[in-house]
Amino acid sequence: MTDPTPILDQLRQASADDTSYQLPPDYMVNLTSDIVDRLEVTDTPSQKPRQPKRPYWIYICLLGGFLSVMIYQQWKQDTSSTKAPMADSTDEIMEDYLVDHSDWIDLSDLYTVPEDDLYNLEDLDISTDDLLDIIY
Amino acid sequence: MIQRPATREAGFRALLSAHQEQVYWQVRRMVHDHSTADDVVQEVFIKVYRHIGKFAKKSSLATWIYRIAHNEALSYLRTHKRHPLEDISDHHERMELMCEDPYFDADGALATLHVAIQGLPVRQKQVFCMRYFDEMPYAQIAEVLELSVGSLKASYHHASKKIESSLRESIT
């Protein structure tokens with residue numbers, strides 16, 4: 001890693017008067033005014049202090065939270081909509097069961113009045129189906 | 001001065017008169033022809049004016065301006081390739097192309113020197129010109145080009161060897 005070799009060193013001394021590269025007359029004088037003319041000197045140079053970087057992780061957390069709430073609400077809606085028909089169908093099954101087996105259900109349990117005041121059902125000329133119609 | 005509205009223009013004119021000549025010659029040796037150098041130098045000082053508020057004072061103002069100048073010259077050479085002098089291997093062909101610039105007139109050993117410099121890769125050309133013509137210390141070149149002193153010395157060594165070889169060929 002040497003500095004200039006002798007031949008380059010000799011040439012450097014000759015380069016002091018080197019006129020290989022030339023300039024148009026008064027170029028340096030005009031350059032100043034050319035540059036100033038190109039600039040709108042009234043423009044304010046950029047001196048604004050750098051804005052601190054926005055903490056993007058806050059936006060990411062907010063977005064994540066928002067999505068979690070949305071997903072939770074959707075899940076809740078889905079589960080409640082599947083549970084309601086199940087409840088309905090359970091009621092229907094129970095109702096069918098009661099209707100099918102009503103002949104051995106002791107209807108006396110349904111009465112809340114004293115037994116003496118009850119009509120004797122056997123005396124009534126009423127079928128089981130009619131009786132169920134009355135009950136339901 | 002530049003940062004105060006009242007003295008902005010006077011301050012900028014003072015900055016120009018202090019640095020424009022050295023910036024011009026640094027750029028001129030990089031891009032070779034006068035019209036390109038003129039365009040690049042104007043762009044450099046427009047950038048200096050617009051971004052002076054961002055000058056962090058980590059280096060001297062001159063170093064900061066030279067860094068802008070070298071980056072601008074480099075990007076100009078890479079994007080325009082108006083004079084792909086480094087791609088021409090033939091010395092005479094390169095010399096002919098260089099002489100198309102009306103503001104270039106060289107002969108003898110100095111012509112060989114300039115032709116050989118234009119044949120160097122861009123990075124070596126930058127390092128060689130700053131060291132050889134401007135006699136800048138390696139530490140300042142390292143700041144301008146944002147390179148290590150070791151790699152600068154290596155670049156300068158390779159550039160010197162190539163130019164020396166061209167000079168020897170032209171003598172024999």
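Here are a few exercises with worked solutions on side-chain contacts in this predicted model.

**Exercise 1. The bridge between chains**

Task: Find which residue of chain B forms a salt bridge with A:Arg38, and say which helices the pair connects.

Solution:
1. Start with the whole structure, where a search over all chains finds five salt bridges.
2. In one of them, A:Arg38 is joined to B:Glu43, with 2.7 Å between the closest N and O atoms.
3. Now place the two partners: A:Arg38 belongs to helix H2 (residues 27-38) of chain A, and B:Glu43 to helix H2 (residues 34-51) of chain B, so the pair crosses between chains.4. Finish with accessibility: A:Arg38 counts as partly exposed at 42%, and B:Glu43 counts as partly exposed at 30%.

**Exercise 2. Two bridges inside chain B**

Task: Work out how many residues apart in sequence the parts tied together by B:Arg29 and B:Asp134 are.

Solution:
1. First the contact: a salt bridge brings the side chains of B:Arg29 and B:Asp134 together at 3.5 Å, N to O.
2. Next the locations: B:Arg29 is in helix H1 (residues 8-31) of chain B, while B:Asp134 is in the loop between helix H6 (122-132) and helix H7 (138-145), so the bridge ties together parts that are 105 residues apart in sequence.
3. Then classify the partners. With a relative accessible area of 15%, B:Arg29 is buried, because the limit for buried is under 20%. B:Asp134, at 22%, is partly exposed.

Task: Decide whether B:Lys47 and B:Glu72 are each buried or partly exposed.

Solution:
1. These side chains meet in a salt bridge of 2.8 Å, N to O.
2. The bridge links distant parts of the chain, 25 residues apart: B:Lys47 sits in helix H2 of chain B and B:Glu72 in helix H3 (residues 61-80) of chain B.
3. B:Lys47 has a relative accessible area of 34%, so B:Lys47 is partly exposed. B:Glu72 has 13%, so B:Glu72 is buried.
4. As a follow-up in chain B, look at B:Lys161, B:Glu164 and B:Arg168, which salt bridges with shared partners join into one network.

**Exercise 3. Tyrosines and a tryptophan on helix H3**

Task: Classify the ring pair A:Tyr56 and A:Tyr59 from the distance of the centres and the angle of the planes.

Solution:
1. The search over all chains finds nine aromatic pairs.
2. For A:Tyr56 and A:Tyr59 the ring centres are 6.3 Å apart and the planes make 45 degrees, so this pair is tilted.
3. Both tyrosines lie in helix H3 (residues 56-100) of chain A, three residues apart, which means about one helical turn separates them.
4. A:Tyr56 is exposed at 56% relative accessible area, whereas A:Tyr59 is partly exposed at 47%.
5. Try the method on A:Tyr72 and A:Trp75: with 6.0 Å centre to centre and 35 degrees between the planes, they form a tilted pair.
6. This pair is also three residues apart in helix H3 of chain A, so about one helical turn lies between A:Tyr72 and A:Trp75.
7. A:Tyr72 counts as partly exposed at 48%, and A:Trp75 is exposed at 51%.

**Exercise 4. A cluster and a charge**

Task: Find which residue has its charged end over the ring of B:Tyr138.

Solution:
1. Begin with the cluster in which ring pairs link B:Phe128, B:Tyr132, B:Phe133, B:Tyr138 and B:Tyr156.
2. Over the ring of B:Tyr138 sits the charged end of B:Arg131, 4.3 Å from the ring centre.

Conventions
Residues are numbered from 1 along each chain as its sequence is written. Chains are lettered from A and ligands numbered from 1 in the order in which they are written. This is a predicted model: local features need pLDDT of at least 70, side-chain atom pairs count only at pLDDT 80 or more; totals for chains, interfaces and linings use all residues. Side-chain values use heavy atoms; hydrogens and water are left out. A salt bridge is a side-chain nitrogen of Lys or Arg within 4 Å of a carboxyl oxygen of Asp or Glu. Helices (H or I, at least four residues) and strands (E, at least two) are DSSP runs, numbered from the N terminus. Buried means under 20% relative accessible area, exposed over 50%, partly exposed in between (1.4 Å probe, protein chains only). Rings of Phe, Tyr and Trp (its six-membered ring) pair if their centres lie within 6.5 Å; planes under 30 degrees apart count as stacked, over 60 as edge-to-face and the rest as tilted. A charge sits over a ring if NZ of Lys or CZ of Arg is within 6 Å of the ring centre and within 35 degrees of the ring normal.
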